[in-house]
Amino acid sequence: MDSAKRSALSAASLRVDLEQAGFARLPHLFSLLECRRAAALWSKERRFRKVVNMDQHQFGSGEYRYFDDPLPAIVKALRKSFYELLVPVANTWARDLGDDRVFPDRYADFQAECAAAGQTRPTPLMLRYGAGGYNRLHQDLYGGVVFPLQLVILLSDPARDFDGGEFVLVEQSPRMQSRPYVVPLQRGDGLIFPTCERPVPGARGPRRAVVRHGISTVHRGDRLAMGIIFHDAE
């Protein structure tokens, strides 16, 4: 990730987008060259600890692959830099939701918390969908320690490589019907979104909204993305 782009981001600016829309889009987070280098990781099978065929598990249609340790340098850097950027937002959300949990400032300390809870398997992954592929609405929960935000980066070009395959968020607030969001992404764009829930304004203070995410049907071509989940798996 370009250091200039990273330095231009701030927790305060991201908090505004996350509070108002429930997500924060990061245009051009990856350059074309960075997208190509990241996409090339897909064919390096030794980099992955687990391959999941989504059709077999009725998760959708497509395939995703969890990276193994040691993580590729770009994945490791994204995990550390974005965790430490987002931790102020995570702690604000915890407080707003009445949770006394405090996330540590340093990513190494958060990883130590995951390990102490028996969560030692890395969760960053790559996801690929061909024509007819999709991902059902879900949440990426892998144990009792959960970071409330995650990052995805689109590596394919929707103008050339595929049609359809929109990123979808569905938010369920108390006593209200679900609200869907379709988030347009271009190649190289990043998206920060809730892992499982977020606070939303209410007349008597913040309310807890449950959030799930998925991918709509790909109509043509191949869609490839990288997902950065900050908590590890049991």
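Let me start at Arg101, whose charged end sits over the ring of Phe103, 4.0 Å from the centre of that ring, and I should say at once that we are looking at a predicted model. A second arrangement of this kind involves Arg65, which lies over the face of Phe48 at 5.9 Å from the ring centre.

Phe103 also belongs to an aromatic cluster, together with Tyr83, Tyr107, Phe110, Phe147 and Phe230. Two members of that cluster, Tyr107 and Phe110, take us to helix α6, residues 107–116, where they are buried along with Cys114. Seen down the axis of α6, these buried residues fall within an arc of 60°, so they line one face of the helix. As general background, an α-helix has 3.6 residues a turn, so residues three or four places apart point the same way. The buried residues of α6 pack against α5, which covers residues 73–96, and just after α6 comes Gly118, with a positive phi of about 85°.

Turning to aromatic pairs, a search of the whole structure finds 15 of them. In one, the rings of Tyr64 and Tyr66 have their centres 5.5 Å apart and their planes at 90°, so this pair is edge-to-face. Tyr64 counts as buried at 10% relative accessibility, and Tyr66 is buried as well, with a relative accessible area of 6%.

Finally, how many disulfides does the structure hold? There are zero, and for Cys196, which is in no disulfide, the nearest cysteine sulfur is that of Cys114, 13 Å away. Cys196 is buried, with a relative accessible area of 18%, and Cys35 is buried too, at 1%.

How values were computed. Residues are numbered from 1 along each chain as its sequence is written. This is a predicted model: local features need pLDDT of at least 70, side-chain atom pairs count only at pLDDT 80 or more; totals for chains, interfaces and linings use all residues. Side-chain values use heavy atoms; hydrogens and water are left out. A disulfide is a pair of cysteine sulfur atoms within 2.5 Å. Buried means under 20% relative accessible area, exposed over 50%, partly exposed in between (1.4 Å probe, protein chains only). Helices (H or I, at least four residues) and strands (E, at least two) are DSSP runs, numbered from the N terminus. The arc is that of the directions from the helix axis to the C-beta atoms. Contact means heavy atoms within 4.5 Å. Rings of Phe, Tyr and Trp (its six-membered ring) pair if their centres lie within 6.5 Å; planes under 30 degrees apart count as stacked, over 60 as edge-to-face and the rest as tilted. A charge sits over a ring if NZ of Lys or CZ of Arg is within 6 Å of the ring centre and within 35 degrees of the ring normal.
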